[in-house]
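Student: Please take a close look at one helix and the aromatic rings around it, and then at the other ring contacts and the cysteines.

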Amino acid sequence: MRPSAPLPFERERIITPDGDFLDLDWLRNGSKNLVIISHGLEGNSKRPYMTGMARQFYTQSFDLLNWNYRGCSEEMNNKPIFYHSGATYDLHHVVNYASASYENVFLIGFSLGGNLTLKYLGEKRERSPKIKKGIAISVPLHLESSCIKISTGENIIYAKRFLKTLKEKVVKKAKKFPDEIPLGILRKIKTLQDFDDHYTGPLHGFDDAHDYYEQNSSLYFLENIEVPALILSAQNDPFLSDKCFPISLGRKLDQVWMEFPKYGGHVGFSPRKKEDIYWSEKRSFEFITGNL
């Protein structure tokens, strides 16, 4: 029900190394500090949780970049692949492109974008030394068990909504790439796991859904994170499994902080008064500006 914050975004399209494109939405204050925000499953740069977080930092003189994954910016992308929970090659490209004129870069990710952010920070790859901190909000650290949970009980209404738009994208994509994207199985797909088994996994080089989940769950990358990272997830988040709250692991990690408040829902943390700041936005700002 939250409205999207009206902000003066400037759109820029960049080309990926494989010849595809990504649409970036900028807010510039002339700052030396840049916050890059990644959205959730079937989201985009203008979702209320994205613009709410952007407003929090923009009004405090930060520069902001809300970016759209492949196929999420009102125009279908130009390759057979889409986006997925572990597609850190696109985040890496965005970071390298955007960080050129900044001294400090901070990453924030919501849900799927949170998994993407943590996996990226924990991967063994060359990353810009300008990345100072990261935050993951309502993050499915363990993808498989979370995918199962979102497809059961009262969550089915959300799973069906996600599945509907994902299927629509597959139909559009198949018109461009009929050989790479078969439609025969589409009617039989009833769950998000089915979709990942037949489309997300194979299209992006994984054997099936299980292989995709195991290779991309950020839970397995936390121990390698070398910059301060904050995980914010509510205990009453209906989409997250028990494996997404690894408290014992958290006590062993030097660079990862885990905060699991009792309430907040999924990408929620709404205040009692509409005019107040959302707790996740307030906490993210405190974490990023601490010791700056």
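Tutor: What follows starts from one helix and moves outward to ring pairs, charges over rings and cysteines. This is a predicted model, in which local features need pLDDT of at least 70 and side-chain atom pairs count only at pLDDT 80 or more, while totals for chains, interfaces and linings use all residues. Residues are numbered from 1 along each chain as its sequence is written, and side-chain values use heavy atoms, with hydrogens and water left out.

Helix H9 covers residues 279-289; helices (H or I, at least four residues) and strands (E, at least two) are DSSP runs, numbered from the N terminus. Its buried residues (under 20% relative accessible area, with exposed over 50% and partly exposed in between; 1.4 Å probe, protein chains only) are Ser280, Glu281, Arg283, Ser284, Phe285, Phe287 and Ile288. The buried residues of H9 pack against H1 and against strands S5 (104-110), S6 (131-137), S7 (229-232) and S8 (256-259), where contact means heavy atoms within 4.5 Å. Just after H9, asparagine 291 has a positive phi of about 65°.

The structure holds 15 aromatic pairs. Rings of Phe, Tyr and Trp (its six-membered ring) pair if their centres lie within 6.5 Å; planes under 30 degrees apart count as stacked, over 60 as edge-to-face and the rest as tilted. Phenylalanine 62 and phenylalanine 285 have ring centres 6.1 Å apart and planes at 70°, so this pair is edge-to-face. The pair joins distant parts of the chain, 223 residues apart: phenylalanine 62 lies in the loop between helix H1 (48-58) and strand S4 (63-67), and phenylalanine 285 lies in H9. Both phenylalanine 62 and phenylalanine 285 are buried. Ring pairs also link Phe57, Phe62, Phe106 and Phe285 into a cluster.

Tryptophan 67 and tyrosine 69 form another edge-to-face pair, because their ring centres are 4.9 Å apart and their planes stand at 70°. Both tryptophan 67 and tyrosine 69 are buried.

Two arginines have their charged ends over rings: a charge counts if NZ of Lys or CZ of Arg is within 6 Å of the ring centre and within 35 degrees of the ring normal. Arginine 2 sits over tyrosine 278, 3.6 Å from the ring centre, and arginine 28 sits over tryptophan 26, 4.1 Å from the ring centre.

The whole structure has zero disulfides, a disulfide being a pair of cysteine sulfur atoms within 2.5 Å. The closest cysteine sulfur to that of cysteine 72 is in cysteine 147, at 17 Å, too far for a bond. For cysteine 244 the closest is also in cysteine 147, at 11 Å, again too far. Cysteine 72 is buried at 6% relative accessible area, and cysteine 244 is buried at 0%.
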